[in-house]
Amino acid sequence: MTDTPGAKSAKEMDEGDRISGLPDKVRHHVMSFLPARDAARTCVLSPMWRQLWAQSSFIEFVNALLLSRGCIPLESFWLRANGTGIFLENFCDTVNMWICYTLRSNVEELGVDDYNQNDRFGDMKNPIEFFQLQHCPFTSSYLKKLHLCYVYINNRFLKKLFSRCPVLEDLEMINCEIFNTEKFGGQPEFSSASLKSLSIKYVDFPYARDYEMSGCYIVINMPSLVSLHVGTLLGLTQLSLVDVQSLITAAIVLNTSFDTFADCCKILGALSNVKKLELLFPYDLGWQYEYSMQDDTHLCGGVFTNLITLSLSDWCLYDNCKLLLYLLEHSPNLEKLTLKLSEPCFRGNIGLSCSAAAADSATPFNCEKLRKVEIVCSKGNKIVGKLVTILLTKMKSPPEISIKPFSGVS
């Protein structure tokens, strides 16, 4: 029998103390039958029981509070683990009951945060437990904002969330796991007609990793979306943007090398209407082979008329900086450009492509509104001088160029 979190091993407990060896969930249930005074007395048994009593008293308090208020409409409700070794998953049935209560009370803002800064990465004895949210029937005509942190869901829950919460406008997912229940088929899809803000950071897709599905696409199809922030996606996943034409602000940071130049150009093309754009992709994207962007520039979406602020990493410097120059030439209202260059360990094409010879390979163009170019790099980066030469040569009205020290790509 495997050890259950919160339970003591037989060697650690006295022969006469079998209750301490029970899992936390069972002891919580036992304590629920005790009067408050007797339950409080258990805290003198050991530090472990003191923590258990604190959790039980909190649960009892919340239950009493929710029972006393009835079904009065709720504006906001947040659940956050706030103690070392305390996870919402330890008493998931009670937490799911609270969530169901808030949904029945027409809550507009809901947060489920199974996270404590002291347990950020967990340890061998107390690994981080993700709270499983799919046990709760998520249906609401009032929910507008949902925040999830260290929560485990599956793709079926994701579909139900968007179909049964028709006014949901803001979704934030941090350090979550999304498991695909459809073996060898189906892609996790974020599809909503109402959502305006989507932020997914450090989200893991373990199914794609476990089955080595390098072609697993995370689909985002949201015609009303105004703000998009995609941080690190874990697992062998790729990003596909379908309908995001309403986007004003987009920030996408990917750290895998499974995407090709064509994939990145498609992402860029889907974002042609944005005003503020940040695209940070791996510096070694496609370095293994010689590559030319000539056949893929049509995927970039033509003219970026609305673009005012642009931030890119050094993936845009391949093939004589063609992508960078393409964006500058096709962004007539661009005012500020930021280039975040990684450590000077360039390999293959990227270190060789950004050369002075590139300055003579294309016709100079106007970028009249561009007033400031900021290059963020580490000290001694040899590519910076060549990059500045290309920019000054290709733009008829050269902007102000400043160089700042590298402090990590954000």
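At 8% relative accessibility, H147 counts as buried, and the strand that holds this histidine is β4. In this predicted model, H147 offers a convenient point of entry, since its contacts reach several separate stretches of the sequence. Leaving aside residues up to four places away in sequence, H147 touches W78, then L110, G111, V112 and D113, and also E172 and I174. Of these partners, L110, G111, V112 and D113 fall within β2, which spans residues 109-113, while E172 and I174 belong to β6, which spans residues 170-174.

K145 is found in the strand that also holds H147, namely β4, yet its surroundings are described by another class of accessibility. With a relative accessible area of 32%, K145 is partly exposed, because the partly exposed class lies between the limits of 20% and 50%. Beyond four places in sequence, K145 touches E108, E109 and L110, together with L168 and D170. L110 is therefore a partner of K145 as well as of H147, under a contact limit of 4.5 Å between heavy atoms. A further relation across the sequence links K145 to V107: the two are 38 residues apart along the chain, and their C-alpha atoms are 9.3 Å apart in space.

Following β2 to its end leads to D114, which is found in the loop between β2 and β3, the latter covering residues 131-132. Is this loop residue buried or exposed? At 1% relative accessibility, D114 counts as buried. A polar atom of the D114 side chain lies 3.5 Å from the backbone nitrogen of F131. Some caution is needed in this part of the chain, as pLDDT stays under 50 over residues 117-125, a segment for which the model has 13 contacts beyond four places in sequence.

Helix α5, residues 155-164, comes next, and its buried residues are N155, F157, L158, L161 and F162. These residues cover an arc of only 155° around the axis, which means that they lie on the same side of α5. The face turned away from that buried side carries the exposed residues R156 and S163. What covers the buried residues of α5 includes the strands β4 (145-149), β5 (151-154), β6 (170-174), β7 (177-179) and β8 (189-191), so that β4, already met as the strand of H147, is again part of the picture. At the N-terminal end of α5, N154 acts as a cap, with a side-chain oxygen 3.1 Å from the backbone nitrogen of R156.

Two loop residues stand out for their backbone angles. N175, found in the loop between β6 and β7, has a phi near 50°, a positive value in a residue other than glycine; its relative accessible area of 23% makes N175 partly exposed. Y202 lies in the loop between β9 (197-201) and β10 (203-204), and its phi is likewise positive and near 50° in a residue other than glycine. With a relative accessible area of 46%, Y202 is partly exposed.

Further along the chain, E400 has its place in strand β20, residues 400-405. Not counting residues up to four places away in sequence, E400 touches R371, K372 and V373. E400 and E374 are 26 residues apart in sequence, with 8.4 Å between their C-alpha atoms.

For the protein as a whole, the model has 10 helices and 20 strands, and buried residues make up 48% of its 410 residues. Among contacts with a separation of 6 or more, 74% are accounted for by residues 24 or more positions apart. The exposed area is about 20,100 Å², of which carbon and sulfur atoms supply 53%. The cysteines include C92, buried at a relative accessible area of 9%, and C377, which counts as buried at 6%; the structure holds 0 disulfides.

The confidence values set limits on this reading. The mean pLDDT of the protein is 77, and 68% of its residues reach 70 or more. Confidence is highest in strand β12 (residues 227-230), at a mean of 96, and lowest in helix α9 (residues 348-353), at 45. Over residues 1-14 pLDDT stays under 50, and the model has 16 contacts beyond four places in sequence for that segment. Where pLDDT is low, the predicted coordinates should not be read in detail.

Key:
Residues are numbered from 1 along each chain as its sequence is written. This is a predicted model: local features need pLDDT of at least 70, side-chain atom pairs count only at pLDDT 80 or more; totals for chains, interfaces and linings use all residues. Side-chain values use heavy atoms; hydrogens and water are left out. A disulfide is a pair of cysteine sulfur atoms within 2.5 Å. Buried means under 20% relative accessible area, exposed over 50%, partly exposed in between (1.4 Å probe, protein chains only). Helices (H or I, at least four residues) and strands (E, at least two) are DSSP runs, numbered from the N terminus. The arc is that of the directions from the helix axis to the C-beta atoms. A polar contact is a pair of N or O atoms within 3.5 Å; within protein, one must be able to donate a hydrogen and the other to accept it, and residues adjacent in sequence count only if both atoms are side-chain atoms. Accessible areas come from the Shrake-Rupley method with a 1.4 Å probe; for residues, only the protein chains shown count as cover. pLDDT is the predictor's confidence in each residue, from 0 to 100.
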